[in-house]
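Please take a moment to look over the chain from one end to the other before reading on. The explanation below is meant to be followed with the structure in view.

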Amino acid sequence: MKIAIDIDEVLADFANPFDKYIQKKYGLKMDRDKWNTEEWWLAWGGSKTTAVGKIYEFVSSGALEKLPLIKGAKDGVRELKEQGHELVIITGRAADWMDTTKIWLDKNFPKYFSQIESTDFHVAKGGHKTKGIIARELGCDILIDDFPHYAEEAIANGVKVLLFDTGFNHIYHEHDDIHRVKDWKEVVEKIKLITHNS
Ligand SMILES: [Mg+2]
């Protein structure tokens, strides 16, 4: 199968280092339940423009290159690759962060991904194509993500989703093609199951 994988909170831990940065610099604490929603900037009670500004500041400080891995991501991605799946990256990161992003991916996942795409989601206007459209155009069967909005885009484009369990899930509706996972071990198990049943 062809599998699209998100970066932040799936491969890389962006939220914890960013939360620490915001706390130290602004004395603000992130509301994690809001961070993972369509209106993620409300995690600090401010506007989207202010929140995007803070993310850019954090990234400009060189943080992106140093982001830690999500637990189990390295082994999970390696296992998927060993099982013969084609792996691609579809991230919502800004287009101008992609050089640094590729350096981080090369360091942690050398030669695992055949394509790396960005929706440029977090800039003020956002990119032209949604993750769902990109996933469909690339011929992906599955998207692994943590963001419910992307999960909806993917299923609307005929792409199944493995959705990492985060704080928002209690308000999120179930769908046959959205499978919740709690960690990378479960990702690998679910993909084995989906491959077997398809
Ligand atoms: Mg993410």
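The paragraphs that follow go from the domains to the core, then to one strand and finally to two loop residues.

The model shown here is a predicted one, and its chain is divided into domain 1, made of residues 2-13 together with 68-197, and domain 2, which covers residues 15-66. The C-alpha centres of domain 1 and domain 2 are 21 Å apart, and the contact between the two takes 15 residues from domain 1 and 14 residues from domain 2. On the side of domain 1 that touches domain 2, helix 5, residues 98-108, gives the most, with 4 residues. Sorted by class, that side of domain 1 has 6 nonpolar, 6 polar and 3 charged residues.

Turning to the interior, the largest nonpolar core has 43 residues, and the members that touch the most others are Ala4, Ala135, Cys140, Ile142, Leu143 and Ile144. Both domains take part in this core, since at least three of its residues come from domain 1 and at least three from domain 2. Leu143 is a useful residue to follow: leaving aside residues up to four places away in sequence, Leu143 touches Ala4, Ile90, Lys131, Ala135, Tyr150, Ala154, Val159 and Val161.

Val161 is also the bridge partner of Leu143 in strand 5. Strand 4, residues 142-145, pairs with strand 5 in the parallel sense over 4 bridges, and the chain passes from strand 4 through helix 7, residues 148-156, to strand 5 in a right-handed β-α-β crossover. Strand 5 also pairs in the parallel sense with strand 6, residues 178-181, over 4 bridges, with Val161 standing opposite Ile178 of strand 6.

How many of the residues of strand 5 are buried? In strand 5, residues 160-164, 5 of the 5 residues are buried. In a regular strand, side chains alternate between the two faces of the sheet. Here both faces are covered, with Lys160, Leu162 and Phe164 buried on one side and Val161 and Leu163 buried on the other.

Two loop residues complete the tour. Glu9, in the loop between strand 1 and helix 1, has a positive phi near 70° although Glu9 is not a glycine. Lys111, in the loop between helix 5 and strand 3, likewise is a residue other than glycine with a positive phi, near 60°. Are these residues buried or exposed? Glu9 has 18 C-beta neighbours inside 10 Å and therefore counts as partly exposed, whereas Lys111 counts as exposed because 8 C-beta neighbours lie inside 10 Å.

Conventions:
Residues numbered from 1 in each chain as written. Predicted model: local features only at pLDDT ≥ 70, side-chain atom pairs only at ≥ 80, totals over all residues. Domains from an automatic or database assignment. Contact = placed C-beta atoms within 7 Å. Nonpolar A, V, L, I, M, F, W, Y, C, P; charged D, E, K, R; others polar. Core = buried A, V, L, I, M, F, W, Y, C linked by C-beta atoms within 7 Å. Buried ≥ 20, exposed ≤ 12 C-beta atoms within 10 Å, placed from the backbone. Pairing = 2+ DSSP bridges. Right-handed = clockwise from strand over helix to strand, strands pointing away.
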